[in-house]
Structure formats: C-alpha cells, structure tokens
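User: Hi! I have a model open on my screen and would like to talk through some of its details with you. Could you take my questions one at a time?

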Amino acid sequence: RGGMCYHDNSLVSASLEALIQHLVPTVDYYPDRSYVFTFLLSSRLFLPPYELMTRVCHLCVEQQRSGDALLDKIRFREVAPKLVQLLTEWTETFPYDFRDERMMRCLKDMTHHVARGDEYSWRAMQQMTQRLIKRLSALGQYEEAVAALNAAAMERPASLKSKQASAQRNDVLSLCDDPFVLAQQLTHIELDRLSFIGPEEFIQTFAMKDPLENHKGFFRKRKTSNLEAYVSWFNRLSYLVATEICMPMKKKHRARIIEFFIDVAQECFNIGNFNSLMAIITGMNMSPVARLKKTWNKVNTDKFEILEHQMDPSSNFSNYRTALRGANQRSETAHSSQEKIVIPFFSLLIKDIYFLNEGCASRLPNGHINFEKLWELAKQVSEFLVWRQVVCPFDRDRRILQYLVTTPIFTEDGQYSVSNAFSGVNHKNVWYSLSVLGNKQSPYCLSYCCRAASGFI
C-alpha cells in the first residue's frame, strides 16, 4: 500500500492516513494481528480512538460502494465478517475505549449496517457487544470495590486512640504467621489489580488531550485510573509494612515482625512477585524504620541484604532485570500455574515505557509516523498482557486479604506539625499524642510515631 516504508519486510514508517487505510479490511485483505494491536495501542498518540473507529468504519463501507445498490449489498456481505473480526479484536483488547459514548454509538451504527447485509455477522456483532458490556460492567464493579476499600482504609482506627486499645490491636502476625501464605495473598491482590489495567493506559499518559473530554461520559473517569490505583497499592503496601514494624512497644516484637517481612519478601521473590517484593523492601527502608537501630541489632539481616542486592537500582536495576528474565523464561516453559507467575516491579515498567516514548520521536522529519517506535512500545506492553492474564493458583484467605487492603496505616502527611510537639517521649505520651491525632481526624503520621518511639527504643 502506498505511503508506507519498509525495511527487511518490517514496516518502519508511514503517513497517518496510510496507517489507517492499512487497518481497514477488504474482501481479500485482513491486517496482520501484530499490526492491529500495535496501531490500536499507539494510534491514540495521534488521534482519539472514536475518530479512528469512525474513519475505519467509514472507509470499510465506502470501499464497497459501486453505485449499484444490489451489488453494494453483496460486496458488503463479503467484507462484513472481516470488519466484525477487527471490531472484535478492538473490543476484546481495548475494551475501555468503549466507555466513550461516541465509540458505543459508532459500534451501534455499524451493527445496524451489518444487520442489513449479513445476518451471521450481525449475530456475531451482538455477541461481541454483550461480551464488551459484561467486561465494562466488571470494570465498574472493580472500581467501586477499590473505592470502597480505600474508604474503609481511611477510617480512623480505634486501636490508635489509647494505649490500652493498642494492646488489643491485631497485627499481621496475629492474623498470619506463615510467610508463604502472606506472599500468596499479596500475589492474589497483585494479579487481581493487574488484570484490570488496560494496555492503552500505558500510552494514554502521553496521548493528546481531547477538547471534548469534559463533555462525554467516558472522560469523567481518568483514562489511567486503574494504572494509578495499582501504583497506589504499591505505596499502601510499603506504608503497611512500615506501620506494622513501628506499632509494637517491645523491641523483641518489632524484630520478629521485621524478620517475618524479610521471609515474606523472599517468598515473593520465589513466586515471581517482584512488585510486592519491592514494596516490602521500600517499607523497610523508610527512615522511620531504618532508624530503629536497637531493633535492627536483634535481626539477622543476611537474607534482607541479598534481597536488596537483587533489587539494587544501580546500573538501571541490572540485577532485577536479570531476575525478571529468569522468571519470564520459567513462565514460558511452565509446568504449573505457579511457575507462570511474573509480576514486574511496576513503577520501573512504567518508567521504561515513559523513557521509550520520550527518547524517540513519534514523527519523522518527513511527517511520517515512526512505526519502529510503535513496534517497541507494543513489544513492552504485550509482554505485560501475558503477565496480566495469569490466574492466581493459590487459595484465597479472605481475612488476610481484607486486612492487607483495609487495615489503617500511618502516612507522612502532617508529620512536621506533630513530631515537633513532643520530645523525649515515653510510652504514655506516645499513645496520648496518637489519641490527639485521632481526635483531630488528622492523617496518622508514621514518621512521628517512630520518632516518638525512638525516644524509648
């Protein structure tokens, strides 16, 4: 097709119009699946999905027009199954595009058009639309559930209102003292949340702003909301680890919790859950935890140092990238569901895609779109899709899962105003000050709690 440049039979650049034309099926042509995924993924850098869909459907219909109504109907009947195939790939791989009412309107119009020409294709369109609505409904339920969990986690914990109440406070060890079981439950949460991230969310971050965003139902939700929710989960887990370590009064108990989380981190590494592993390491390296010198003196840190080495950021996380490749190879030759699990350190994955986009021009000097870049973006995102589809093989423990996602945690908000209020603190006024915090409905301050505690550690 004209306006497209190839090198060694691989598409390297083309005009936007040629790329759109290349996506349109005909009676004797259907685009390669890798091309369909790559262009649908990255086209949003250049035009909104609804505009692309409108143009593709219009071209597909117009190409069958001959001026003879009967002949046109026959010709469209021949191309209809391929159009339905393309729309099926679109709705199944990028279903969140169809939260835009303009997309759904276009899909409805094409369903009516197909119905006039081919009953078989019309039925396929109906089934496709039902699957799409089911997927979007599941997404809505997921987003509502995450919002409810976040609200529950923000509720003021009674266990922080007094020293007496704190003695009755559950900690992670009272709920689960088996590191492997906790690592399994963390893996459930990771895979559940990964499964709702749309591949387009990685690209949507860089996409052009649609001037009609504020007027359409789809755009009332952020286009990267599930990706952001997943990053928030990483942050929550880090703070949860730090909170669990800082809460106990006795050094011996704190040391036991540190050793427990080191074992959990090791189990996460063994499973291939690198995101939870990094969140745990991050929590244990937070200043409020790291400063507990007398507690750390009671801990055998050999395993922790090995895990830190694995996730060392030097040389662009070279140790982690080697471990990730190993987990990938294990997944590709897996004999069990557990061996298929690969959960990447997610923030690094986002950073890699961001720098790939920033470091390489999307358009060439001649105005062509740099398709080599789009191939690379698609390669990274398609790898994520393989990881995302793994079904967690472990049994769920609802009590542990509920604890992990809802138990209150300290944050660093407002730490300066609170931490300056007390010095040389003893047990009694630590818990009194936390009670004051609770009564003011302020965010709980991890740094303050630990700074206060360090007065008697």
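User: Is Arg99 buried, partly exposed or exposed, and at what relative accessibility?

Analyst: Happy to help, and please keep in mind that this is a predicted model. Buried means under 20% relative accessible area and exposed means over 50%, with partly exposed in between. Arg99 therefore counts as partly exposed, at a relative accessibility of 21%.

User: Which residue does Arg99 meet in a salt bridge, and at what N to O distance?

Analyst: Arg99 sits in the loop between α4 and α5 (101-117), and its partner is in helix α6, 44 residues apart from it, so the pair links distant parts of the chain. That partner counts as buried, at 14% relative accessibility. The two side chains meet in a salt bridge between Arg99 and Glu143, with an N to O distance of 2.8 Å.

User: How many salt bridges does a search of the whole structure find?

Analyst: A salt bridge here needs a side-chain nitrogen of Lys or Arg within 4 Å of a carboxyl oxygen of Asp or Glu. The pair Glu143 and Arg99 meets in one of these. Over the whole structure, the search gives a total of ten.

User: Which residue forms a salt bridge with Arg131, and how far apart are the closest N and O atoms?

Analyst: Arg131 belongs to helix α6 (residues 119-154), while its partner lies in helix α4, 39 residues apart, so this pair also links distant parts of the chain. Arg131 is partly exposed at 41% relative accessibility, and the partner is partly exposed too, with a relative accessible area of 48%. The partner is Glu92, and the closest N and O atoms are 3.3 Å apart.

User: How many residues apart are Glu119 and Arg123 in helix α6?

Analyst: Glu119 and Arg123 form a salt bridge, with their closest N and O atoms 2.8 Å apart. Glu119 counts as partly exposed at 49% relative accessibility, and Arg123 counts as partly exposed at 46%. Both lie in helix α6 with a spacing of about one turn of the helix, which is four residues.

User: Is Asp72 buried or exposed, and what is its relative accessible area?

Analyst: Asp72 has its place in helix α4 (residues 69-93). Beyond residues up to four places away in sequence, it touches Gln64, Arg65, Ser66 and Gly67. Since buried means under 20% relative accessible area, Asp72 is buried, with a value of 15%.

User: What distance separates the C-alpha atoms of Asp72 and Gly117?

Analyst: Along the chain, Asp72 and Gly117 are 45 residues apart. In space, their C-alpha atoms are separated by 9.3 Å.

User: Which side chain is joined to that of Gln204 by a polar contact?

Analyst: Gln204 is found in helix α10 (residues 200-204) and counts as buried, at 11% relative accessibility. Leaving aside neighbours within four places in sequence, Gln204 is in contact with Lys223 and Thr224, among others. The polar contact has a length of 3.3 Å, and the side chain at its other end is that of Arg44.

User: One last topic, the sheet: which residue in β3 is the bridge partner of Ala14?

Analyst: The sheet is open, with three strands in the order β1-β2-β3 and antiparallel pairing. Its edge strands, β1 (4-7) and β3 (369-370), each pair on one side only. Strand β2 (residues 10-14) pairs with β3 in the antiparallel sense over two bridges. The partner of Ala14 in β3 is Ile369.

Notes: Residues numbered from 1 in each chain as written. Predicted model: local features only at pLDDT ≥ 70, side-chain atom pairs only at ≥ 80, totals over all residues. Heavy atoms only, no water. Pairing = 2+ DSSP bridges. Buried < 20%, exposed > 50% of the residue type's maximum accessible area, 1.4 Å probe, protein only. Contact = heavy atoms within 4.5 Å. Polar contact = N/O pair within 3.5 Å; in protein donor to acceptor, adjacent residues only side chain to side chain.
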